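Trainee: Before I rely on any of the labels attached to this protein, I would like to go through them one at a time and hear what each of them rests on. Could you show me the structure first?

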Amino acid sequence: MQINDATLTEQGLGPTGSGPILLIACGALAREILDLKAANGWDHMDLTCLPAKLHLYPDQITSAVRSAVAKHAADYARIFVIYADCGTGGQLQAACADMGVEMVAGPHCYSFFEGNAAFAEQSAQEITTFYLTDFLVRQFEAFVIKPMGLDRHPELRDMYFGNYEKLVYQAQTDDPALTQKAQDAARHLGLEFERRFTGYGDLETTLKTL
């Protein structure tokens, strides 16, 4: 989604500064974005991240992004939001349009890492699939086990995951240690395991256009 609305900028809702591009991103994507910046020499992009824990509270994402845009709008000529819809029910996209800023396309990071077109094509056949990214493999305890209470009540596992059949690890990097952790996670949840090397998918493609 690309917004070029001078009226919004004049109203102070969008970026009005002259600095480089600012990326406002989910903290769960920080490592991937920094890796892409370094690999491609994207020194014209600055990065600020919102707490990764918002992944657990999607109703708070839109207001957090609004606050971040307001905080930085005077310093940048262009702001790009690196969240997909992420469970906001279209509210984030509407807010970005209102503020005159751009955002990455897709329903969630699993989709844009896979590639939005590919994910949309296969998702109907994968309704019993649970996805993990590099970040979620690293933070499996903090973002899956503890929030679901499985550390305290392991007997809840089958209630949460009884209708799932497979865990798909979407690997952004080729790291045997992370693959092993992802296999352990699948075993812990009682699911079949599949690893897909997605790389950075549409995230990299989108940032290249900036």
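Mentor: This is a predicted model, and the structure holds 12 salt bridges. One of them joins Arg196 and Glu126, whose closest N and O atoms are 2.1 Å apart.

Trainee: What makes the contact between Arg196 and Glu126 a salt bridge?

Mentor: The cut-off is 4 Å between a side-chain nitrogen of Lys or Arg and a carboxyl oxygen of Asp or Glu, and the closest N and O atoms of Arg196 and Glu126 are 2.1 Å apart, so the pair satisfies the definition. The two residues come from distant parts of the chain, with Arg196 in strand E7 and Glu126 in the loop between helix H6 (116-122) and E5, 70 residues apart. Both also take part in a network of salt bridges that links them with Glu114, Lys166 and Glu194.

Trainee: How do you know whether Arg196 and Glu126 are buried or exposed?

Mentor: Buried means under 20% relative accessible area; Arg196 has 14% and Glu126 has 10%, so both count as buried.

Trainee: Why is the pair of Arg195 and Asp174 said to tie together parts of the chain?

Mentor: The side chains of Arg195 and Asp174 meet in a salt bridge at 3.2 Å, N to O. Because Arg195 lies in strand E7 and Asp174 in the loop between E6 and H10, the pair ties together parts that are 21 residues apart in sequence. Arg195, with a relative accessible area of 30%, is partly exposed, whereas Asp174, at 65%, is exposed.

Trainee: What makes Lys208 and Glu204 a pair about one turn of the helix apart?

Mentor: Both residues lie in helix H11 (residues 201-208), four residues apart. An α-helix has 3.6 residues a turn, so residues three or four places apart point the same way. The closest N and O atoms of Lys208 and Glu204 are 3.8 Å apart, and the two form a salt bridge. Lys208 counts as exposed at 52% relative accessibility, while Glu204 is partly exposed at 22%.

Trainee: Why does Glu32 have no salt bridge?

Mentor: The nearest side chain of opposite charge, Arg138, is 4.1 Å away from Glu32, and a salt bridge has to fall within 4 Å, so the pair does not qualify. Glu32, which belongs to helix H2 (residues 30-40), is nevertheless buried. Beyond its neighbours within four places in sequence, Glu32 is in contact with Phe113, Asp134, Arg138, Gln172, Tyr200 and Leu203.

Trainee: How do you know that the buried residues of H10 line one face of the helix?

Mentor: Those residues are Leu178, Thr179, Ala182, Ala185, Ala186 and Leu189. Seen down the axis of H10, they fall within an arc of 115 degrees, so they line one face. The face turned away from that buried side carries the exposed residues Pro176 and Arg187. Among the elements that cover the buried residues are strand E5 (129-132), helix H7 (134-138) and strand E7 (192-197).

Trainee: And what is found at the start of H10, and what follows the helix?

Mentor: At the start, a side-chain oxygen of Asp175 reaches to within 2.9 Å of the backbone nitrogen of Ala177. The helix is followed by Gly190, whose phi is positive, near 70 degrees.

Trainee: Finally, why is Thr129 called buried?

Mentor: Thr129, a residue of strand E5, has 8% relative accessibility and therefore counts as buried. Leaving out residues up to four places away in sequence, Thr129 touches Tyr164, Lys166 and Val168.

Technical notes: Residues are numbered from 1 along each chain as its sequence is written. This is a predicted model: local features need pLDDT of at least 70, side-chain atom pairs count only at pLDDT 80 or more; totals for chains, interfaces and linings use all residues. Side-chain values use heavy atoms; hydrogens and water are left out. Buried means under 20% relative accessible area, exposed over 50%, partly exposed in between (1.4 Å probe, protein chains only). Lys and Arg count as positive and Asp and Glu as negative; His and the chain ends are not counted. Contact means heavy atoms within 4.5 Å. The arc is that of the directions from the helix axis to the C-beta atoms. A polar contact is a pair of N or O atoms within 3.5 Å; within protein, one must be able to donate a hydrogen and the other to accept it, and residues adjacent in sequence count only if both atoms are side-chain atoms.
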